Every structure is written in C-alpha cells, then in structure tokens.
Amino acid sequence: MPLLEHLVELRRRLLYSMVAFLLMFAVSWYFARDIYAFLAAPLEGLLAQRPELQGAIIATGLTRPFLVYLKVAMFGGAFMGFPIFATQIWLFVAPGLYRSEKKALLPFLIATPVLFITGAAIAYYFVFPVAWKFFLSYFSGGGASGALAIKPQIDVNDYLGLVMKLLFAFGLTFEVPVLLTLLARVGIVSSKGLKRARRYAFVGMFVLAAILAPPDVYSQVALALLLVLLYEISIIVARFVEPKPVEA
C-alpha cells in the first residue's frame, strides 16, 4: 500500500483501540468500587490482623474519592484493553508479513497478554502481602511498653498509585522473554550474544528495577531477580527458535 493508505489503516487501528479503551473504561467505572476493594484487599487484610494499629485508608480532600474511582476506572480500562491493543497492532502488521512470518509471530501475540497478566498476578498474590506486612511492622500501637504509638493513616491516592505502578511493572517485566525471543526468531539477537551480554544485562536490570519499583529494597530486589530469571529463560528459548546456520 502507498504511505497514505498505511496512515489511514494506522488511524483506523488506533481508533478501534481508543473505542476499546473507552468501553473497558465504562465497564471499569461501573465496577470501580469492586475493583478498588480488590486492590485494597491485601492491605485491608493485614490491618485487620493487627487491631492495635486501628489503621485506615483515608482521603485527604472532598474530591479525592471521585478522582480515586476515576483512576481505578482508567487503570481497569488500560489493563483489560491490553489484549485488544495487542490484537490491533497485529492486524496492522500482519498484511505485510509472509505466511511463515505470521505463523512465527502468532504465538507471541497469544503469549503477550497471558504473560502480562501472570506478572501482575505474581505482584498481587506474592509481592504485595510480603511487602505490606514488612512496612506495617514498623507501625506500633504503643501500650504497656511505653513506646510511642505510630499508627497508619494511609492516603488512598498514594496507595493506589503504588499498587498500579507495581502491577504494571511486574506485568511488563514478564514481556522480556517475548521481546528477546522475538528478536532471536528474526535473527536480530542470538542466544550466544545474550550470554555474552549477561553481566551488562544484569546490571541494567537492577537499575531498571530501581526506576520501576517504589523506593523500598524488597520490591526492587524482587523485580530485579525476576528480570534475571526471565532473561535466563529467554536465553534457553532463543536457542530453540533462532535461525540455524546453513551448512555449506
């Protein structure tokens, strides 16, 4: 197709993606309270186990609850619309590929949303309980020991910002094998090259984890180690999918 038709097709795919996001946003807005309850459940459960703290999630402003539910709806729209976005990208790229290339890329299209949701689930079910428990251990209810009470009054906007950042960080982290395997499949990188770059990649992963994760050691180390593990898995997978050298 000429350039103008490519641009028209790109606009159409972006429009479909925007419509999908708005639909998912509307659904998320309807269930915003339920989504918020789900995101707050790990912290709420830990606070319930320590009644001496009498902790609470607070809103510091009249409009803050509305803005929180708006943020929750936007998060839900982006999260649930991710598979649709990936599909639209595929439909835009697919007409320019050979049949063999389509067969090679289709598994990556399927794996992308699955791995993203898997990463977010690991953050929610494994990282959050341990991290929140660690932070709450520094609060105290005072009492007979004479220690000064330090009770949590957690701002809902700060808490949701932290939760959403970690969910997206761990979800995107799980896309590392997809990206590296795809690059190996088309011959841009190789398993041997990934092995040689291992030491530099590990340093970069710890730097990336420090940027993506909040300023606490546990989340940063957990994300960095997960990146290292996924990188090693990518090397193994790349060895099987990379183009084999042609024998003379």
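A residue counts as buried when its relative accessible area is under 20%, as exposed when the area is over 50%, and as partly exposed in between. Valine 207 has a relative accessibility of 47%, so valine 207 is partly exposed. The model discussed here is a predicted one.

**Overall make-up**

The protein contains 9 helices and 2 strands. Read from the N terminus, the order of these elements is α-α-β-α-α-β-α-α-α-α-α. Of the 248 residues in the protein, 33% are buried. Contacts can also be sorted by how far apart the partners lie in sequence. Among contacts with a separation of 6 or more, 81% join residues that are 24 or more positions apart.

**Helices H3 and H5**

Helix H3 covers residues 64-93 and helix H5 covers residues 156-173. Their axes come within 10 Å of each other and cross at roughly 10°. Angles under 35 degrees count as roughly parallel, and H3 and H5 are therefore roughly parallel to each other. On the H3 side, the contact is made by Arg64, Val68, Lys71, Val72, Phe75 and Ala78. On the H5 side, the residues are Val156, Asn157, Leu160, Met164, Leu167 and Phe168. Sorted by type, the residues of this contact comprise 9 nonpolar, 1 polar and 2 charged.

H5 itself has 18 residues. From its first C-alpha to its last, H5 reaches 26 Å, which is close to the 26 Å expected at 1.5 Å a residue. At the start of H5, a side-chain oxygen of aspartate 155 comes to within 3.1 Å of the backbone nitrogen of asparagine 157.

The buried residues of H5 include Val156, Leu160, Met164 and Leu167, and these four names also occur in the contact with H3. Others in the buried set of H5 are Tyr159, Val163, Leu166, Ala169, Phe170, Gly171 and Thr173.

**Four single residues**

The table gives the helix and the relative accessible area for four residues.

| Residue | Helix | Relative accessible area | Class |
|---|---|---|---|
| Serine 17 | H1 (residues 3-30) | 14% | buried |
| Proline 42 | H2 (residues 32-48) | 13% | buried |
| Serine 191 | H7 (residues 191-196) | 5% | buried |
| Valine 207 | H8 (residues 198-212) | 47% | partly exposed |

The surroundings of these residues can be described in turn.

Serine 17 is in contact with Phe85 and Gln88, when its neighbours within four places in sequence are left aside. Phe85 and Gln88 fall within the residue range 64-93 of helix H3.

Proline 42, with neighbours within four places in sequence again left aside, is in contact with Tyr124, Phe128, Trp132 and Tyr159. Tyr159 is one of the buried residues of H5. Proline 42 is also 9.3 Å from lysine 133, C-alpha to C-alpha, although 91 residues separate the two in sequence.

Serine 191 touches Ile235, Ala238, Arg239 and Glu242, not counting residues up to four places away in sequence. With a relative accessible area of 5%, serine 191 is under the 20% cut-off and is therefore buried.

Valine 207 lies 9.1 Å from glutamine 220, C-alpha to C-alpha, and the two are 13 residues apart in sequence.

Conventions:
Residues are numbered from 1 along each chain as its sequence is written. This is a predicted model: local features need pLDDT of at least 70, side-chain atom pairs count only at pLDDT 80 or more; totals for chains, interfaces and linings use all residues. Side-chain values use heavy atoms; hydrogens and water are left out. Axes are lines fitted to C-alpha atoms, for helices over the stretch in contact, and angles run from 0 to 180 degrees between N-to-C directions. Angles under 35 degrees count as roughly parallel, over 145 as roughly antiparallel, 65 to 115 as roughly perpendicular and the rest as oblique. Contact means heavy atoms within 4.5 Å. Ala, Val, Leu, Ile, Met, Phe, Trp, Tyr, Cys and Pro count as nonpolar, Asp, Glu, Lys and Arg as charged, and the others, Gly among them, as polar. The expected span of a helix is 1.5 Å times one less than its number of residues. Buried means under 20% relative accessible area, exposed over 50%, partly exposed in between (1.4 Å probe, protein chains only). A polar contact is a pair of N or O atoms within 3.5 Å; within protein, one must be able to donate a hydrogen and the other to accept it, and residues adjacent in sequence count only if both atoms are side-chain atoms.
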